[in-house]
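Me: I'd like to go through this one with you, one question at a time. Can you take me from the atoms to an answer each time?

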Amino acid sequence: MTDAGIKVAGVTRQKRLLNTYGPLIGIAVLAFFLLVWAPGTMTAFRLGNLGKYCALALASMGIGLAWGRGGMLVLGQGVFFGLGAYAMAMHMKLEAAGPGGVPDFMTLYGNGTMPSWWEPFRSGPFTLFAIVALPAVVSFILGYAILKRRVKGAYFAILTQAMAVAFATLLIATIKQTGGFNGLNTFTTFFGHNLYDPKVGKNLYMIAAGLVILFMLILWQLYRSRYGELLVATRDAEERIRFLGYDPANIKLVAFVVAAIMASIGGAMFVPLAGIISPSNVDAPASIMLLAGVALGGRSSLFGPVLGAIAVGYSRSTLSEKFPTQWTYFLGALFIVIMLFLPGGVASLWPKVRSLWPSSTRRAAKGTASSVDRDHEPTRDVDLDQAEPAALA
Amino acid sequence: MDVLTTPFLTGTATGAILLLAALGLTLTFGQMGVINMANGEFLMVGAYVAYMTQQVISGAGVSIVVALPMAFIVAGLLGLLLEVTVIQWMYKRPLDTLLATVGVSLVLQQFAQDLFGAQGDPVTAPSWLGGRISVFGYEWPHRQLFTILLALAALAALSAVLKYSFFGRQIRATVQNRQLAETLGVSTRNVDRITFFLGSGLAGVGGVAIALISGTNPTLGTAYIIPAFLVVVIGGVGQLKGTLLAAWAVGVVTAFLTDWTSGSMAQVITFALVVIFLTMRPQGLFTVRTRSLA
């Protein structure tokens, strides 16, 4: 083998290692900032806010999986976020009411009797189980019903949004059972720990941030697994996958269910950190807010949804307090500009930045850059899946 | 008889509004596969056009007659502007269009709120719409009858344009086979623009009808956009008769469910019914046979 040959082989090996384990370095950096730097430097108030963004980021990461990798635009993740949040809130409400007690709002709006389906949420373990099982079952049934019948694309998106509208409407209507428009609030304890204790607040933050890191690792592993490859392939050319003998519905269903569970866990963490859950946190506009961070950060990248969700959450709390009207314009413009000019989000700029790096490794890698980053940009040239438009009657 | 006629008639009127909201959608969705979430805001624009015309022309009867074509043109031009500035760059990415138009609808809502205030404004109905007629013992407001007639007139006008006019033929050709239409010298770009103008304009007309019933409001469109899309999906994309039937069915079913349970439960049950329907007929009520794989 010639010198040049050895050099190229070495470079590609280096590159492969970097491509495989590079994200781990990124996750480690993120973990440092979230788990070491932030708790060490931020005030309790800011840390609580960051915790809320972490809870939202969990839902956003799920959207990244379903939408970015799976091509399913989920406009109703608020529903699953809400399932987890309400499960947690019900448990904390019952904790506040004490053993055998009834949540305060039920005596306020109703006659003080508790619906029987509240009863199991007295138990902490059951609540934790429900936070995972409830969204899994709901998303499985719904996903199975519509994905198996090959409902996809815009139809799927509209159905999920309709689901969010229906869910919020249902919550508002059942004021005696779910607190209605005001939602559930005024909690005192989280699994026996006083919520007003700053130490507990910090630990809550640590749990939320830790979950973000944990799910980053899970997603990283998922994306590089055979399943991750299949999911991307299904997104880009569903019919080809079907011809190869796979059932695209099953592949997408897994992503949909996992995304729902992640949203639910995010919702469950949101409640103790925010101290409230109400229909306005889970309705269609809230679901679209969850998408904003994903679109901004980069839907199909590993880091995009997390960083985007934190960025959107942060700018929302700073901008919307000072300039509430401008915030809506800003949000609207964000959607338009990102979708028009940067559909891959900020993350899609990363390969371009990297290729500017004046290192021999990168320059040698440049030739294969397009194949390396295939996950980040959905292919547009294959129109196999695009349904022929129907005729007008 | 009241138990049956009341929900039936009010439901038909709701269906008529849904039809007006959905006609534009089915046109743009059917032809270009474009999801225009800002279509609800074109309803809102139509409603505000009705309100503003009334500020200028005080006679309620005359102002409504003026407002209808005005709303059509204003909303249509806005739709055209949207097509030229945003949508035309994204025809190959329907889901991205959906999100971009969500952004447009946020901007339009906020703009209306800055311009007219967050509170809604009332629109006075002309005196000849104030009355009621008795149908099987139910005192049916003229307004609802007017909405139904308006929706049917819009539908008839649209199908006449599609069937008999030169543009209509071009639109149908583009919907059926874009490439072939192009080779035959149809400027599909122009057809897209005209379709968008027509579809958005129809939403504007629907907005006038809504303004007569419930006044104006910056967020008026959000209540209609999802049901309108469900109507399009149920009816079968690009199918006018399907849209008509689906709008009517959704309106009447929701009205009956509202009567039996409550307004919010009706929404939830309607959603469940739509999901069940779609698992049985994913293509909607009416379909055109194509050779596409999906």
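Reply: Sure. One cut-off to start with: buried means under 20% relative accessible area, exposed means over 50%, and partly exposed is what falls in between. Keep in mind that this is a predicted model.

Me: Is A:E119 buried, partly exposed or exposed?
Reply: The relative accessible area of A:E119 is 41%. Since buried needs under 20% and exposed needs over 50%, a value in between gets the middle label. So A:E119 is partly exposed.

Me: Which side chain does A:E119 meet in a salt bridge?
Reply: The N to O distance in this pair is 2.7 Å. That qualifies because the cut-off for a salt bridge is 4 Å between a side-chain nitrogen of Lys or Arg and a carboxyl oxygen of Asp or Glu. The partner has a relative accessible area of 26%, so A:R122 is partly exposed as well. The side chain that A:E119 meets is A:R122.

Me: How many residues apart are A:K252 and A:E238?
Reply: Their side chains meet in a salt bridge at 3.0 Å, N to O. A:K252 sits in helix α11 (residues 248-274) of chain A and A:E238 in helix α10 (residues 238-243), so the pair links distant parts of the chain. A:K252 is buried at 6% relative accessibility, and A:E238 is buried at 5%. Along the sequence, the separation is 14 residues.

Me: In the salt bridge between A:D104 and A:K93, which residue is buried?
Reply: The closest N and O atoms of this pair are 3.2 Å apart. The bridge links helix α4 (residues 104-109) of chain A, where A:D104 is, with helix α3 (residues 77-97), home of A:K93, across 11 residues. A:D104 has a relative accessible area of 45%, so it's partly exposed. With a relative accessible area of 4%, the buried one is A:K93.

Me: What is the salt-bridge count over all chains?
Reply: Some salt bridges join up into a network, and one such network links B:E83, B:R178, B:R189, B:D192 and B:R193. Over all chains, the count of salt bridges comes to 13.

Me: B:E41 is buried yet has no salt bridge. Which side chain does it join in a polar contact?
Reply: B:E41 is in helix α2 (residues 39-56) of chain B. The nearest side chain of opposite charge, A:R316, is 16 Å away, and a salt bridge has to be within 4 Å, so A:R316 is ruled out. Leaving out residues up to four places away in sequence, B:E41 touches B:S105, B:L108, B:Q109, B:G221 and B:T222. The polar contact, at 2.8 Å, is with the side chain of B:Q109.

Me: Within what arc do the buried residues of α6(B) fall?
Reply: The buried residues of helix α6 (residues 166-176) of chain B are B:G168, B:Q170, B:I171, B:T174 and B:V175. Seen down the helix axis, they line one face of α6(B), because they fall within an arc of 160 degrees.

Me: Which residue caps the N-terminal end of α6(B)?
Reply: Look for a side-chain oxygen by the backbone nitrogen of B:F167. The distance between the two atoms is 3.5 Å. The capping residue is B:S165.

Me: Which side chain makes a polar contact with the side chain of A:S278?
Reply: A:S278 lies in the loop between β4 (276-277) and α12 (284-297) of chain A. Its relative accessibility is 8%, so A:S278 counts as buried. Aside from neighbours within four places in sequence, A:S278 is in contact with A:Y86, A:F181, A:N182 and A:G183. The polar contact itself, at 2.9 Å, is with A:S280.

Me: What's the phi of A:F191?
Reply: A:F191 is in the loop between β2 and β3 (193-194) of chain A, and at 29% relative accessibility it is partly exposed. Its phi is positive in a residue other than glycine, near 50 degrees.

Me: And where is A:T186, which has a positive phi near 45 degrees?
Reply: A:T186 has a relative accessible area of 52%, so it is exposed. Its place is the loop between β1 (184-185) and β2 (189-190) of chain A.

How values were computed. Residues numbered from 1 in each chain as written. Chains lettered and ligands numbered in written order. Predicted model: local features only at pLDDT ≥ 70, side-chain atom pairs only at ≥ 80, totals over all residues. Heavy atoms only, no water. Helix = DSSP H or I, 4+ residues; strand = E, 2+ residues; numbered from the N terminus. Buried < 20%, exposed > 50% of the residue type's maximum accessible area, 1.4 Å probe, protein only. Lys, Arg positive; Asp, Glu negative; His and termini not counted. Polar contact = N/O pair within 3.5 Å; in protein donor to acceptor, adjacent residues only side chain to side chain. Contact = heavy atoms within 4.5 Å. Arc of directions from axis to C-beta.
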